[in-house]
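Please open the model in your viewer and keep the sequence panel beside it, since this tour moves from one selection to the next.

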Amino acid sequence: MPKRPRADSESGESGHGSGAESAVAPWSNSQPQKKGGYSKAESERVVAAFHECVARHQTTREEIFNEDARSKDNKARGIWKEMAGLFPERAVRSLYQHVTRCEEKAMGFQKGGWEEEELRQLQTLHDRMGPKWVAISKELRRSSTDCRVKYHSVFSKKVVARAPPAKSKKGKAKIPA
């Protein structure tokens, strides 16, 4: 069983807390974390455990990766908590991202360069749906992260207008140093 986080008064640290337990971030756990890529064997174990959890929770992978998966009442929360318990050496976020990549690959999502037609479709879908990246990703057969990043890198660049040079008291423009 993981150790509970120590309150400021227990650890001897001076903090702003009132001695209450500090909260652990929802995407982390207090165990030492294994970093780096997943070996093929580890990846297979993680994906197999994910499928077993999905079956045990009587849901589908589509429900897990749905936009509403962040809600408190969703079954996805229970699955990711269970996955964290099965693989305590990995951060929950790492498990989520790895399984997401593996499942998207299994569902035939594509990677790599974007065609002009895909970019037009991305902009059209965003104009129609807003930033509903999971729904957009299903239409484009690309990951929601790829869609979001590509949209922001291509379409969301804000053009910063340069301010005209400030004028001196004599009415001439100052040349910035």
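The stops below visit a core, then a second core, and then one helix with its surroundings.

This is a predicted model, in which local features need pLDDT of at least 70 and side-chain atom pairs count only at pLDDT 80 or more, while totals for chains, interfaces and linings use all residues. Residues are numbered from 1 along each chain as its sequence is written, and side-chain values use heavy atoms, with hydrogens and water left out.

Begin by selecting Val46, Phe50, Ile64, Ile79, Trp80, Met83 and Val99, which touch the most other members of the largest nonpolar core, a set of 17 residues. Such a core consists of buried Ala, Val, Leu, Ile, Met, Phe, Trp, Tyr and Cys residues joined through side-chain atoms within 4.5 Å, where buried means under 20% relative accessible area and exposed over 50%, with a 1.4 Å probe and protein chains only. Helices α2 (40-56), α4 (75-86) and α5 (92-106) each supply at least two residues of this core; helices are DSSP runs of H or I with at least four residues, numbered from the N terminus.

Now centre on Trp80, whose contacts (heavy atoms within 4.5 Å), leaving aside neighbours within four places in sequence, include Phe65, Leu95 and Tyr96. A second, separate core of nine residues can be selected next, with Trp114, Leu119, Ile136 and Cys147 among them.

Finally, select helix α6 (residues 116-129), where Glu118, Leu119, Leu122, Leu125 and His126 are buried. Seen down the axis of α6, these buried residues fall within an arc of 130 degrees (taken from the directions from the helix axis to the C-beta atoms), so they line one face of the helix. What covers them includes α7 (133-140) and α8 (144-154), whereas the face turned away carries the exposed residues Glu116, Asp127 and Arg128. After α6 comes Gly130, whose phi is positive, near 80 degrees.

Key: The expected span of a helix is 1.5 Å times one less than its number of residues.
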